[in-house]
Amino acid sequence: MIRTIRKIGDPILRKKAKKVEKITRDTLKLIDDMVETMHHAHGQGLAAPQVGVSQRIAVVEVPKADDIPGSGVLYTLINPEVIKQSEETWEYPEGCLSIPGWRGDVARPYRIVVRALDRHGNRVKYEVEGHVARAFLHEIDHLDGVLYIDKLVSPDRVWRVNEEPLEHPA
Ligand code: ZN
């Protein structure tokens, strides 16, 4: 089921989301809906608060490209935690499904290690880099009520874009 994506101004986007204590049938339904909603919106990631659920769940799927490691893989992150990050950072434009029509440059660590639970409740650890690491970090920020516009490399490095095609919304 496609869920409604909350837009900037909705207070749920600014709340710290709650840890998932137990993966229930509702949790799995939520995850399936988030994946469907992300695909429908041509996004590269989606966090539960963006569909109005204040829980620490995110999905990421960067479209398959030969030069992007970890692309074409659907990641489900429950209670994700960044346990390592490279000192090396890189700037790249980000967009957000909750802030349609805008892009802005954000610096992020190039490589990270994230610990999380998968949908079966198994502990998983992902070492990801580049665009996939950026998508993970963008989504994990959502779980803390943080939006990419809070992290612009400079206040003037944000610009309007046409709604379609959406290139890097998350
Ligand atoms: Zn976003």
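Biologist: Is D141 buried or exposed, and what is its relative accessible area?

Modeller: In this predicted model, D141 belongs to helix α2, which covers residues 130-143. A residue counts as buried when its relative accessible area is under 20%. D141 is therefore classed as buried, with a relative accessible area of 11%.

Biologist: Which residues does D141 touch, not counting residues up to four places away in sequence?

Modeller: Contact here means heavy atoms within 4.5 Å. With residues up to four places away in sequence left out, the residues that D141 touches are R108, V146 and K151.

Biologist: How many residues of α2 are buried, and how far apart are its end C-alpha atoms?

Modeller: Helix α2 is largely enclosed by the rest of the structure, because 14 of its 14 residues are buried. At 1.5 Å a residue, those 14 residues should span 20 Å. The end C-alpha atoms agree with this expectation, as their separation is 20 Å.

Biologist: Which residue with a positive phi follows α2?

Modeller: The phi of this residue is near 75 degrees. The residue that follows α2 with this positive value is G145.

Biologist: What distance does helix α1 reach from its first C-alpha to its last?

Modeller: Helix α1 runs over residues 25-40 and has 16 residues. At 1.5 Å a residue, the expected value is 22 Å. The helix is close to this expectation, since its reach from the first C-alpha to the last is 22 Å.

Biologist: Which residue caps the N-terminal end of α1?

Modeller: The cap is recognised from a side-chain oxygen that lies 3.2 Å from the backbone nitrogen of D26. The residue that supplies this oxygen at the N-terminal end of α1 is T24.

Biologist: Which strands are included in what covers the buried residues of α1?

Modeller: The buried residues of α1 are T27, L30, I31, D33, M34, V35, T37 and M38. What covers them includes three strands, namely β1 (45-47), β2 (57-60) and β3 (75-85).

Biologist: Where is H42 found, and is it buried or exposed?

Modeller: H42 comes just after α1, in the loop between α1 and β1. Its phi is near 55 degrees, a positive value in a residue other than glycine. Most residues other than glycine have a negative phi. With a relative accessible area of 52%, H42 is classed as exposed.

Biologist: Where is N79 placed, and why does it count as buried?

Modeller: N79 also has a positive phi, of about 50 degrees, although it is not a glycine. Its place is in strand β3. N79 counts as buried because its relative accessibility is 13%.

Biologist: Which residues line the largest pocket, and what is its volume?

Modeller: The lining consists of K19, R56, I78, N79, P80, E81, R115, A116, L117 and R123. The volume of this pocket is about 160 Å³.

Biologist: Which strand supplies the largest share of the lining of the largest pocket?

Modeller: Strands β3 and β6 each supply at least two residues of this lining. The largest share amounts to 4 residues, and the strand that supplies it is β3.

Biologist: How many bridges join strand β6 to strand β7, and which residue in β7 stands opposite A116?

Modeller: Strand β6 (residues 111-117) and strand β7 (residues 123-129) run antiparallel. They form a hairpin with 5 residues between them, and G121 in the turn has a positive phi of about 85 degrees. The number of bridges that join the two strands is 7. The residue opposite A116 is V124.

Biologist: Which residue in β5 is the bridge partner of T89?

Modeller: Strand β4 (residues 89-96) pairs with strand β5 (residues 99-109) in the antiparallel sense, over 7 bridges. A hairpin joins these two strands through 2 residues. The bridge partner of T89 in β5 is P109.

Biologist: Why does S54 count as buried?

Modeller: S54 has its place in the loop between β1 and β2. Beyond four places in sequence, it touches I12, K15, K16, A17 and K18. S54 counts as buried because its relative accessibility is 17%.

Biologist: What distance separates the C-alpha atoms of I12 and E87?

Modeller: I12 lies in the segment before α1, and at 13% relative accessibility it counts as buried. Along the chain, I12 and E87 are 75 residues apart. The separation of their C-alpha atoms is 31 Å.

Note on methods
Residues numbered from 1 in each chain as written. Predicted model: local features only at pLDDT ≥ 70, side-chain atom pairs only at ≥ 80, totals over all residues. Heavy atoms only, no water. Buried < 20%, exposed > 50% of the residue type's maximum accessible area, 1.4 Å probe, protein only. Polar contact = N/O pair within 3.5 Å; in protein donor to acceptor, adjacent residues only side chain to side chain. Pairing = 2+ DSSP bridges. 1 Å grid on protein atoms, 1.4 Å probe; cavity = no way out; pocket = protein on both sides within 12 Å on 5 of 7 lines; lining within 4 Å. Points joined across faces, edges and corners; volume = space filled by probe spheres on them.
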